[in-house]
Amino acid sequence: MQPRIIYVYDALCGWCYGFSAVMQRFYHENADSFDFTVLSGGMITGNRVRPVAESMSYIKEAYKVVEERTGVVFGQAYLANILQPGTYISNSEPPGRAMTLFKTAQTGLDITFAGSLQNALYRDGIDLNVPANYGSLVEPYGLNPDEFVSHLADSAIREQTLAEFKLVADFGLNGFPSVIVEHGDDLYLVARGYVPYEVLTENVSRALNQ
């Protein structure tokens, strides 16, 4: 069996947005050498679900740090439509359910779709709490947008998503993004938080050689 790369992220994680280009590049350059799995971390759930205005002062400083360190750009649409009004409800469950549902389609493009979800929010300012907004996100992957949207609220999808959040918590991972290499029976944490591409590849190589 091939080694597996487990990418643990959250669609609402700004550092994951900054790390997305690194992960996309690693996936496209190594798609034949590894199996890839995406796990949604459930960063903002339960009593942490709240209007973005309550974290406004932190976010306004934090996104600039992410831009400076990673080179990613937070779109004007995000700043205008999501951040500035302050009414957007930060909730990891809706995009988590979208990722869960997408994975059932078995396209093999889960890493790419994770990037699409983050671009939708942080670049294009799309409200990820609105089910209908996911239709245009999955259509480029050859999925029927209306059918996809109709299943987002399925109880099985929600239960699977919440189970995934719990799995990540059981891993002891409370920082995103994280990347794990599964090699045989062993798991190696090769990235916790943002790392450049060269560091990720070096850490993966080291894990495989242990």
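## Burial classes

A residue is buried under 20% relative accessible area, exposed over 50%, and partly exposed in between. R206 comes out at 42% relative accessibility, so R206 counts as partly exposed. The model is predicted.

## Salt bridges within helices

The count of salt bridges is nine. One of them joins the side chains of E202 and R206, at 2.8 Å from N to O. Both residues belong to helix α9, residues 197–208. They are four residues apart there, so about one helical turn separates E202 from R206. E202 has a relative accessible area of 45%, so E202 is partly exposed. R206, at 42%, falls in that class too. A further group is a network: E93, R97 and R158 are joined by salt bridges that share partners.

Within that network, R97 and E93 meet through their side chains, with 2.9 Å between N and O. Both residues lie in helix α4. Four residues separate them, about one turn of the helix. What is the burial class of R97 and E93? R97 is buried, and E93 is buried as well.

## A salt bridge between α4 and α8

The side chains of E164 and K103 also form a salt bridge, at 2.7 Å from N to O. E164 sits in helix α8 and K103 in helix α4, so this pair ties together parts that are 61 residues apart in sequence. Are E164 and K103 buried or exposed? E164 has a relative accessible area of 9%, so E164 is buried. K103 has 18%, so K103 is buried too. The cut-off for buried is under 20%.

## How α4 and α8 pack

Helix α4 covers residues 93–104. Helix α8 covers residues 155–170. Their axes are 9 Å apart, and the helices pack at an angle of about 105°. Angles from 65 to 115 degrees count as roughly perpendicular. The two helices are therefore roughly perpendicular to each other.

Which residues make the contact? On the α4 side they are E93, G96, R97, T100, L101, K103 and T104. On the α8 side they are I157, R158, Q160, T161, L162, E164 and F165. The salt-bridge partners E164 and K103 are thus among the residues that meet here. So are E93, R97 and R158, the members of the network.

## S40 in strand β2

S40 lies in strand β2, residues 35–40. Its relative accessibility is 4%, so S40 counts as buried. Which residues does S40 touch, beyond its neighbours within four places in sequence? The contacts are Y9, G96, M99, E164, F165 and V168.

G96, E164 and F165 also take part in the α4–α8 packing. A11 is 29 residues from S40 along the chain, and the C-alpha atoms of the two are separated by 7.5 Å.

## A nonpolar surface patch

L167, F171 and L187 form a nonpolar patch on the surface. Together they have about 250 Å² of accessible area. L167 is placed in helix α8. Its relative accessible area is 36%, so L167 is partly exposed.

## Loops and backbone

V130 is in the loop between α5 (110–123) and α6 (135–138). V130 has a relative accessible area of 33%, so V130 is partly exposed. V130 and L162 are 32 residues apart along the chain, and 19 Å separates their C-alpha atoms.

Most residues other than glycine have a negative phi, and most peptide bonds are trans. Q106 is not a glycine, yet its phi is positive, about 50°. Q106 is in the loop between α4 and α5. At 71% relative accessibility, Q106 counts as exposed. The peptide bond from F176 to P177 is cis, with omega near 0°. P177 lies in the loop between α8 and β5 (178–183).

Methods
Residues are numbered from 1 along each chain as its sequence is written. This is a predicted model: local features need pLDDT of at least 70, side-chain atom pairs count only at pLDDT 80 or more; totals for chains, interfaces and linings use all residues. Side-chain values use heavy atoms; hydrogens and water are left out. Patches are made of residues with over 30% relative accessible area and no salt bridge: like charges are joined within 9 Å, nonpolar side chains (Val, Leu, Ile, Met, Phe, Trp, Tyr) within 5 Å. Accessible areas come from the Shrake-Rupley method with a 1.4 Å probe; for residues, only the protein chains shown count as cover. A salt bridge is a side-chain nitrogen of Lys or Arg within 4 Å of a carboxyl oxygen of Asp or Glu. Buried means under 20% relative accessible area, exposed over 50%, partly exposed in between (1.4 Å probe, protein chains only). Axes are lines fitted to C-alpha atoms, for helices over the stretch in contact, and angles run from 0 to 180 degrees between N-to-C directions. Angles under 35 degrees count as roughly parallel, over 145 as roughly antiparallel, 65 to 115 as roughly perpendicular and the rest as oblique. Contact means heavy atoms within 4.5 Å.
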